[in-house]
Amino acid sequence: MIALDGVTKRYDGQPVVDDVSISLGGEGVTALIGPNGAGKSTLFGIVGRLVRPDAGRVTIDGMDVATTSSRDLATTLAVLRQDNHVAARLTVHDLVEFGRFPHSRGRLTVADRGHIDQAIDYLDLGPYRSRFLDELSGGQRQRAFIAMVLAQDTRYVLLDEPLNNLDLRHMAEIMRLLRRAADELGKRVITVLHDINFAANHADRIVAMRDGRVVADAPAREVMRSDVLAAVYDTAVDVREIDGRPVALYYS
Amino acid sequence: MLTDPMPTATAPRTADRAAPRWAARPEVRLAVLGGAVLALTAGYLLTDVPGSLGYALQKRSLTVLAMLVVATAVGVSTVVFHTVTGNRILTPSIMGFDAFYVLVSTVVVFTAGSAAFLAADPLVMWCVQVSVMVAFSLLLFRWLFGGRRRSIHLMLLVGIVLGTFFRSSSEWMQRMLDPLDFQVLSDSFFASMTRPDETLLALTAVLVVLGCLGVVPLVRTLDVLTLGEPAAVGLGVDHRRVVTALLVVVSVMIAASTALVGPVLFFGLVVANLAYSWAGSFRHVWTLPMAVLIGMVCLLGGQLVLERAFGFGGTLSTVIDFAGGLFFLYLVLRKGAR
């Protein structure tokens, strides 16, 4: 489990993550929701050891993030950040190969190649494996990055807004993929989502943040209520049941 | 060998546009460049010998060695610097290293006079230059990387501002110099590889070799660093430690080579960017040696043409900086147009 204990991060005295104690990474998909500036990305940064917290402790399967070697953590936890701009020209295969770096330090074994092929197949990237990243569409590129994260073969997978800048079809495709990775490969997926309807339909558990604090943490269905969502986003949200699924309407 | 590990329908379109596939392989290109370097070296050493061949060989091989040291230092440090800072335009030289070198020399001449500058033991001068420059860069990196995380863009901006500051301070002092002192001083600002001091050359070579030995185990980590800091950290790279170590290597190598032959402002930029486009791979196993070999071809070829075809020597850096400056403008404008 990923356990946060009293984690606080301040920027210029202003708490962005405020005394958060929570345990993440149960089976299935966990969605982290909340308005802009709620501290979701900072929280991810802290778990992914990019941001050092001012107070508190984070442990991943008992390993303290502050003291465990980066390499050991990289074989347990994979993180995909929001903006993935690469200056060099890489092919899909090159990129996915990087996922094996924590295991092989760049000297690929037969097992590593197996993982790479598997990840590429899993994301249907076979026809594109020798294409350069800048020759791909946004959805294909996002899939390539997810393939890299899967090739890393970690128990936990953290994704920060993987649906950013994608159209409807690709958003649905990525969410189905994450669901499959959780169900078939046993990955514990934790993802920041802005579209609460995707969270409701694909996640097992929803954690809602606001002003640096966790304000709701429950099975998806229990968070999908007008009063809860209205409090999280500070705006009127109407939740209706359509074909047995909760759907949030916030287009008023 | 023509075995393709990935026989797929969609091969990279750019790679096999004109040349056959084997010619696009990094090994082949590296071998071709290596051959060119050997041919140029032979041409430089063995043609147009005025007197005793033994004497000429002795003198000229020193020049070739100096070129090799400079090409290695500049090529490796620029490529590493580009990867670490995540850009392909700014180089340590453009960031103010060369301006700092000029300032240190100017201060020496300004305070002690050109007679002392000329009389000073070159070894002492070299040690002063190297240590002051390494100290400056480490201070800068420590200030920018130590404690709170700062953006690399800020670091580059600070470097540019410092460079301008050093340049104008030097100019201000140079204006007040005796014309003779100024003459002596400005002579030392043109990089010259033709008459290297043997002791300094050996010392610089040692530092450059040590620097390369420091980079070799990190070659694959450098590949990961091209993905940027967040991804590299996610893949288990101890980013801060690795980047600090690499920047130390960069500053030592560039300081040693600048103190040996003088500043070559745009040389690193040209060499690194040509290496990126010719290596046909982003991997540092290929781009690093490629940059060194391209540097050798530029220096040897340029020297040959200048010395044998036009009949003057010692001003190679002017030509490189002129061509390099144009190339820099082209890169900036092309990036801007995107």
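Modeller: Let's start with a ruler: a residue counts as buried if 20 or more other C-beta atoms lie within 10 Å of its own, exposed if 12 or fewer, and partly exposed in between, with C-beta atoms placed from the backbone. This is a predicted model, where local features need pLDDT of at least 70, side-chain atom pairs count only at pLDDT 80 or more, and totals for chains, interfaces and linings use all residues. Residues are numbered from 1 along each chain as its sequence is written, while chains are lettered from A and ligands numbered from 1 in the order in which they are written.

Biologist: Let me try the ruler, then. Is A:Arg240 buried or exposed?

Modeller: A:Arg240 is exposed, because 10 other C-beta atoms lie within 10 Å. Its place is in strand E11 (residues 238-242) of chain A; helices (H or I, at least four residues) and strands (E, at least two) are DSSP runs, numbered from the N terminus.

Biologist: Which residues does A:Arg240 touch, leaving out those up to four places away in sequence?

Modeller: A:Val247 and A:Leu249. Contact here means that the C-beta atoms of two residues, placed from the backbone, lie within 7 Å.

Biologist: Now helices. How do I read one that has a buried side?

Modeller: An α-helix has 3.6 residues a turn, so residues three or four places apart point the same way. Take helix H7 (residues 168-184) of chain A, where A:Ile174, A:Met175, A:Leu177, A:Leu178, A:Ala181 and A:Ala182 are buried. They cover an arc of only 155° around the axis, which puts them on the same side of H7(A); that arc is taken from the directions from the helix axis to the C-beta atoms. Exposed residues on the other side of H7(A) include A:Arg169, A:Arg176 and A:Glu184.

Biologist: What do the buried residues of H7(A) pack against?

Modeller: Strand E3 (29-33), helix H6 (138-151), strand E8 (188-192) and helix H8 (196-202), in chain A. Just after H7(A), A:Gly186 has a positive phi of about 70°.

Biologist: And how do I check a helix's length?

Modeller: Compare its reach with the expected span, 1.5 Å times one less than its number of residues. For the 18 residues of helix H7 (residues 198-215) of chain B that gives 26 Å, and the end C-alpha atoms are 26 Å apart, which agrees. In H7(B), the buried residues include B:Leu200, B:Leu207 and B:Val215.

Biologist: Sheets next. What is the strand order in the open sheet of 6 strands in chain A?

Modeller: Strands of a sheet pair through backbone hydrogen bonds, either parallel or antiparallel. Here the order is E6-E7-E8-E3-E9-E10 in chain A, with mixed pairing; a pair needs at least two bridges found by DSSP. Strand E6 (77-80) and strand E10 (213-219) of chain A stand at the edges with a single partner strand each, so one side of each has no neighbour in the sheet. E6(A) and strand E7 (residues 156-160) of chain A pair in the parallel sense over 4 bridges, and A:Val79 stands opposite A:Leu158 in E7(A).

Biologist: Last one: how many residues of each chain are in contact across the two chains?

Modeller: 23 residues of chain B are in contact with 30 residues of chain A. On the chain B side, helix H8 (219-225) and helix H9 (229-234) of chain B are the elements giving two or more residues, and the largest share, 4 residues, comes from H9(B).
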